[in-house]
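Subject: Structure handover and notes

Dear colleague,

I am passing on the structure we spoke about, together with some notes on what was found in it. Please read the notes with the coordinates open beside them.

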Amino acid sequence: MKSDRIFGLIIVVVALAYIASATQIQTSFLADPVGPKTFPFLVGLVLAVCGLVVALRPDEEQVRVRSIGKLALAMVVLLGYAYTLRPLGFLIPTAVASGIVSYQISPRVTPALLTGVGLSVGLFLLFKFVLGLGLFALPRALLS
Amino acid sequence: METLALLAQGFAVALTPKILMLAVAGCIIGTVVGALPGLGPTNGVAILIPLSFSFGLNATEALILMTSVYYGAMYGGRISSILLNIPGDEPALMTTLDGYPMAKAGRASDALVLSGVASFVGALLATIGLIILAPVLARIAFLFGPAEYFALYLLAFATLGGMASNNQAKAAIAACLGLGIAMIGLDNSTGLPRFTYGNLHLMDGIDFLVAIVGLFAVTEVFVFIESHGRDSAIGVKLEKLRIPVRDIMRSAMTMLRSSVVGFIAGVLPGAGASLGSFLAYVTEKGIVRDNSQFGSGDPRGVAAPEAGNNAAAGGALVPMLTLGVPGSGTTAVLLALLVTLNITPGPLLFQERPEVVWGLIAALLIANFVLLILNVPMVKLFVLLLSVPPRVLLPGVTMIAFVGIFSLSGSSFDLVLMIAFGVLGFFLRKLDVPTVPIILGILLGGEMEDSLRRAMVISSGDWRFLFSSGISTGLWIAAVVGFIAPMFVRNLLKKPQAITD
């Protein structure tokens with residue numbers, strides 16, 4: 001009930017912001033009859049209307065997100081992975097990230113460690129030698 | 001006869017060692033992807049697309065590989081439905097209704113063989129349907145101008161939102177989000193940036209592969225972590241495989257009828273395989289004389305949805321290839337593959353690149369027989385896969401997704417964007433907002449806007465032009481009906497989720 005109302009309102013706000021930034025689009029003097037603004041306006045308008053409909057006529061179900069902490073941690077781990085994959089090479093970030101994600105799914109230390117190391121080495125061999133991707137195994141600083 | 005000549009040409013393309021190897025590899029990967037719970041055809045294909053580029057495959061090869069994966073996933077989905085009562089992918093949901101009771105009654109291998117045969121019948125008939133229908137539709141598609149295309153895109157969103165979701169407003173929100181995202185980047189006709197906020201990464205627009213992998217693969221990881229990973233690895237006992245001739249004979253008519261129903265559902269733009277298996281099951285339950293066993297292990301209840309979803313998978317390729325409008329989530333991903341390979345699907349594809357179309361069709365016919373062998377005599381190998389625990393599977397899938405996207409552009413920005421889509425997908429999933437319309441919106445948004453603008457250029461700004469031809473008016477009416485009608489029949493036709501419990 002409540003979650004759909006909040007969601008609907010967020011959508012309305014997003015739609016209004018979208019329309020607002022659509023007004024900022026520069027128009028070229030060569031523009032066709034429709035121009036670059038109309039379609040985004042229409043999309044924003046439909047979005048706003050649908051957001052209102054959801055906010056006013058929400059589904060019964062109340063959505064609960066359990067274990068927000070774990071999800072936040074997973075997100076941070078993945079973000080960290082995204083930024084370290086390039087500078088630190090494939091092996092170390094992959095082992096750490098997949099180990100942590102594995103631990104989050106099933107909280108036992110040894111299997112998680114094994115999963116991390118196994119996936120890291122296994123996937124590296126797969127990508128590098130079977131698929132021939134240009135990956136770096138170790139931190140670039142060590143190689144140069 | 002012309003069709004047969006073209007098909008022969010297609011076989012000439014497909015019967016080379018490399019293509020055959022790719023088709024077989026695709027079938028194996030697809031069956032694996034389908035069998036593993038939580039890894040469906042859409043995200044399976046999405047994860048593999050970036051990797052297939054790094055192979056350096058040409059267009060025909062990449063398309064054949066991915067379509068084999070797609071067909072394979074449709075076969076494989078039934079395995080965990082029958083053995084674990086967990087659908088391996090969404091279209092296999094209906095198979096749990098009678099498949100799992102059959103397995104509990106000690107007839108697991110009978111159910112697997114029967115459903116394998118049903119899958120084969122459905123997929124084969126659908127591929128034949130594709131051969132017959134696609135050239136015809138491609139000819140009709142020549143009559144389509146920008147106004148008709150605009151109406152057709154609208155129809156795709158309307159049927160997808162109307163039939164494939166529980167709440168039209170939410171489906172429309174998803175479609176608008178996708179369309180809105182598609183506007184980011186340089187405007188096609190004026191060349192000026194829109195919604196980039198001065199960010200250079202956004203100038204090219206948002207790559208739909210990043211969105212697809214984020215919304216499907218990364219979201220799956222978050223969902224799993226939240227639900228504390230129901231460990232699916234359960235010891236399953238399979239008795240000796242034998243062919244249940246009686247069941248197959250008894251459900252022969254069922255398979256034929258369900259294939260037809262599934263194929264039609266697949267051809268409708270936006271409807272897809274889940275609807276195909278659902279309609280096939282419901283129709284069959286209504287038609288057969290003695291339906292008291294349905295829901296408690298009737299072999300026909302196993303055959304119907306499997307024939308239906310495989311037929312729908314083939315049917316969904318028809319609008320994707322001839323009109324460039326995907327009929328389901330996975331064909332949307334396949335469309336993304338085509339676009340990335342610089343192939344524009346549509347009527348011209350059949351004239352200018354016949355080797356791609358007919359090579360693909362021939363490869364699908366071959367893939368079907370390969371899949372029959374993989375899924376009937378060799379099904380035990382895939383059953384073993386179900387013992388891979390989620391704690392290994394999901395991190396593995398995540399890392400493959402990351403490396404795939406990373407290998408596309410080598411930029412951390414795309415990876416971060418992918419995570420953002422994963423988070424978005426997680427919340428949308430919790431709120432029961434479908435994510436497939438987002439993908440469709442991102443994919444079709446540019447084309448949809450272009451066709452609108454071209455139509456307005458032709459008519460110099462007269463909006464009535466959009467409804468001027470018979471075809472476009474028909475499509476508009478179909479779109480409105482497709483969106484609104486399900487609201488009224490919803491009480492009659494309960495969604496599959498409601499039937500399960």
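The notes below go through a helix and its packing, the charged side chains, the cysteines, and a few single residues.

Please keep in mind throughout that this is a predicted model, and that the values quoted here were computed from it.

I begin with helix 1 of chain A, which covers residues 2-22. Its 21 residues reach 30 Å from the first C-alpha to the last, close to the 30 Å expected at 1.5 Å a residue. The buried residues of this helix include Phe7(A), Ile11(A), Val12(A), Tyr18(A) and Ile19(A), and Ser3(A) and Asp4(A) are among them as well. As for what they pack against, the buried residues of helix 1 of chain A meet helix 2 (35-56) of chain A, and they also meet helix 7 (168-182) and helix 18 (412-430) of chain B.

Asp4(A) leads on to the salt bridges, of which the count comes to 12 over all chains. In one of them, Asp4(A) is paired with Lys170(B), with the closest N and O atoms 2.9 Å apart. Because Asp4(A) lies in helix 1 of chain A while Lys170(B) lies in helix 7 of chain B, this pair joins two chains. Both Asp4(A) and Lys170(B) are buried.

Another salt bridge is found between the side chains of Glu449(B) and Arg194(B), at 2.8 Å from N to O. Glu449(B) belongs to helix 19 (residues 436-458) of chain B and Arg194(B) to strand 2 (residues 193-194) of chain B, so the pair ties together parts that are 255 residues apart in sequence. Here, too, both partners, Glu449(B) and Arg194(B), are buried. Salt bridges that share partners also join Arg107(B), Asp110(B) and Asp247(B) into one network.

Within that network, the side chains of Asp110(B) and Arg107(B) meet at 3.3 Å, N to O. Both of these residues lie in helix 5 (residues 95-141) of chain B, where they are 3 residues apart, about one turn of the helix. Asp110(B) has a relative accessibility of 3% and therefore counts as buried, whereas Arg107(B), at 27%, counts as partly exposed.

What, then, is the situation of Arg78(B), which is buried yet has no salt bridge? This arginine sits in helix 4 (residues 59-84) of chain B, and the nearest side chain of opposite charge, that of Glu306(B), is 5.2 Å away, while the cut-off for a salt bridge is 4 Å. A polar atom of the Arg78(B) side chain does, however, lie 2.9 Å from the backbone oxygen of Leu112(B). Leaving aside neighbours within four places in sequence, the residues in contact with Arg78(B) include Thr95(B), Leu112(B), Ser115(B), Ser119(B), Glu306(B) and Asn375(B).

Turning to the cysteines, the structure holds 0 disulfides over all chains. Why is there no bond between Cys50(A) and the closest cysteine sulfur, in Cys176(B)? The two sulfurs are 5.6 Å apart, which is too far for a bond, given that a disulfide requires the sulfur atoms to be within 2.5 Å. Both of these cysteines count as buried, Cys50(A) at 10% relative accessibility and Cys176(B) at 6%.

A further buried residue is Leu323(B), with a relative accessible area of 9%, and its place is in helix 12 (residues 299-323) of chain B. Leaving aside neighbours within four places in sequence, Leu323(B) is in contact with residues including Leu137(B), Ala141(B), Phe144(B), Tyr149(B) and Leu152(B).

Finally, two backbone angles may deserve a look, since most residues other than glycine have a negative phi. Asn342(B) has a positive phi, near 70°, and is found in the loop between helix 13 (329-340) and helix 14 (347-352) of chain B, where this residue is exposed, with a relative accessible area of 69%. Asp432(B) likewise has a positive phi, near 65°; Asp432(B) is in the loop between helix 18 and helix 19 of chain B and is partly exposed, at 37%.

With best regards

Conventions
Residues numbered from 1 in each chain as written. Chains lettered and ligands numbered in written order. Predicted model: local features only at pLDDT ≥ 70, side-chain atom pairs only at ≥ 80, totals over all residues. Heavy atoms only, no water. Helix = DSSP H or I, 4+ residues; strand = E, 2+ residues; numbered from the N terminus. Buried < 20%, exposed > 50% of the residue type's maximum accessible area, 1.4 Å probe, protein only. Lys, Arg positive; Asp, Glu negative; His and termini not counted. Polar contact = N/O pair within 3.5 Å; in protein donor to acceptor, adjacent residues only side chain to side chain. Contact = heavy atoms within 4.5 Å. Expected span 1.5 Å × (residues − 1).
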